[in-house]
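This briefing is for a reader who is new to the structure. Please look over the sequence and the model below before going on to the notes.

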Amino acid sequence: MSGLSGKVALVTGAAGGIGFATSERLARDGADVAMVDLNGDAVSRAAESVASSTGARTLPIAVDVSNRGQVVDMAEKIESELGPVNVLVNAAGILGRGTILQISEEQWDRMLDVNLKGPFLVTQAVIEGMVASGYGRIVNLASIAGKKGGLQAGTHYGASKGGVLAMTKNLARYLAQFNMTANCVCPSITDTGMAEQFSDEVLQILIDDNPFKRLAKPEEVANAIAFLASEDAGFISAEMLDIDGGYMAD
């Protein structure tokens, strides 16, 4: 697979889980990586770890992706210190549980702010520089819950990820004129801190339902993201790539 030498990648939600694994993989592939997370201390430690293990330049930034002002400042800082973003991975997200009757308006709003408005704001902030740079790959982290609506996850979570799928399809059509791509990865439940929100009983149900009888690994999701970010995936766009051990089988 062709590398990303000379490219600048931006990964949100980069302090841990899929975002951290993706930052490390893109750095190994040669990219300089801006690592963004709400937790400034954690993302600084994560960026030091990635730089140490890969030799890549990393830039940690504490950002609430649902805050337009912070996102605009973030984009300006990245362009000033690393250059225009070539690869964007919108991995920041939160998980919630609950049926339509259990979710408060505040919970609904926060879920949509982080999981759907966040990717919109970040994409909007970097897309002009990406187009001007001549190379653009956008990979949004969705979920199989965005396709199925969410069974163990909450109504608001499924809705937010379904919105990400629709937004990505629209974005892919827009970017085609610039020979750039937008895709989604749709993991099943992954072995990250988010999984701890489920009880042991629910986790076992999810494992038993999976053909592989296990959770996804963050590195497995990161590897798929790295492919979609590469030159080799230049004619793949608007794809909703399931990383689920064959669970969806669609």
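Which residues are linked with K147 in a network of salt bridges? The network is made up of K147, D242 and D250. The model is a predicted one, and the salt bridges in it come to 7. The notes below take up that network, a further salt bridge, a pair of helices, two residues with positive phi, and the surroundings of D37 and N39.

**The network around K147**

- Side chains of opposite charge can pair when their charged atoms come close.
- K147 pairs with D242 in a salt bridge whose closest N and O atoms are 2.8 Å apart.
- This pair joins distant parts of the chain, with K147 in helix α5 (residues 144-148) and D242 in strand β7 (residues 240-243), 95 residues apart.
- K147 also forms a salt bridge with D250, at 3.7 Å from N to O.
- Here too distant parts of the chain are linked, since D250 is in the segment after β7 and K147 is in helix α5, 103 residues apart.
- The three residues fall into three accessibility classes: D242 is buried at 19% relative accessibility, K147 is partly exposed at 29%, and D250 is exposed at 68%.
- D242 counts as buried because its 19% is under the cut-off of 20%.

**The salt bridge between D64 and R110**

- Another salt bridge is formed by the side chains of D64 and R110, at 3.9 Å from N to O.
- D64 is in the loop between β3 (58-62) and α3, while R110 is in helix α4, so the pair ties together parts that are 46 residues apart in sequence.
- D64 is buried, with a relative accessibility of 17%, whereas R110 is partly exposed, with 33%.

**Helices α3 and α4**

- Two packed helices are described by the angle between their axes and the distance between the axes.
- Helix α3 covers residues 68-81 and helix α4 covers residues 105-133; the two pack at an angle of about 35°, and their axes are 9 Å apart.
- The crossing of α3 and α4 is right-handed.
- On the α3 side, R68, V71, M74 and A75 take part in the contact.
- On the α4 side, the residues met are F120, L121, V122, Q124, A125 and V126.

**D37, a buried charge**

- D37 belongs to strand β2, which runs over residues 32-37.
- D37 is buried and has no salt bridge.
- How far from D37 is the nearest side chain of opposite charge? That side chain is R45, and it is 9.3 Å away.
- The distance to R45 does not allow a salt bridge, because a salt bridge needs a side-chain nitrogen within 4 Å of a carboxyl oxygen.
- A polar atom of the D37 side chain lies 3.0 Å from the backbone nitrogen of N39.
- With neighbours within four places in sequence set aside, D37 is in contact with G13, A14, A15, V43, I61, A62 and V63.

**N39, next to the end of β2**

- N39 is in the loop between β2 and α2 (40-54).
- N39 is partly exposed, with a relative accessible area of 40%.
- The side chain of N39 reaches two backbone nitrogens, that of D41 at 3.3 Å and that of A42 at 3.0 Å.
- N39 and S23 are 16 residues apart along the chain, and their C-alpha atoms are separated by 16 Å.

**Positive phi outside glycine**

- Most residues other than glycine have a negative phi, and most peptide bonds are trans.
- N179 has a positive phi, near 60°, and is not a glycine.
- N179 is placed in the loop between α6 (155-175) and β6 (181-187), and N179 is exposed, with a relative accessible area of 63%.
- A249 is not a glycine either, and its phi is positive at about 50°.
- A249 is in the segment after β7, and at 72% relative accessibility A249 is exposed.

How values were computed. Residues numbered from 1 in each chain as written. Predicted model: local features only at pLDDT ≥ 70, side-chain atom pairs only at ≥ 80, totals over all residues. Heavy atoms only, no water. Helix = DSSP H or I, 4+ residues; strand = E, 2+ residues; numbered from the N terminus. Buried < 20%, exposed > 50% of the residue type's maximum accessible area, 1.4 Å probe, protein only. Lys, Arg positive; Asp, Glu negative; His and termini not counted. Polar contact = N/O pair within 3.5 Å; in protein donor to acceptor, adjacent residues only side chain to side chain. Contact = heavy atoms within 4.5 Å. Axes fitted to C-alpha atoms, helices over the stretch in contact; angles between N-to-C directions. Left-handed = near helix turned anticlockwise from the far one by under 90°.
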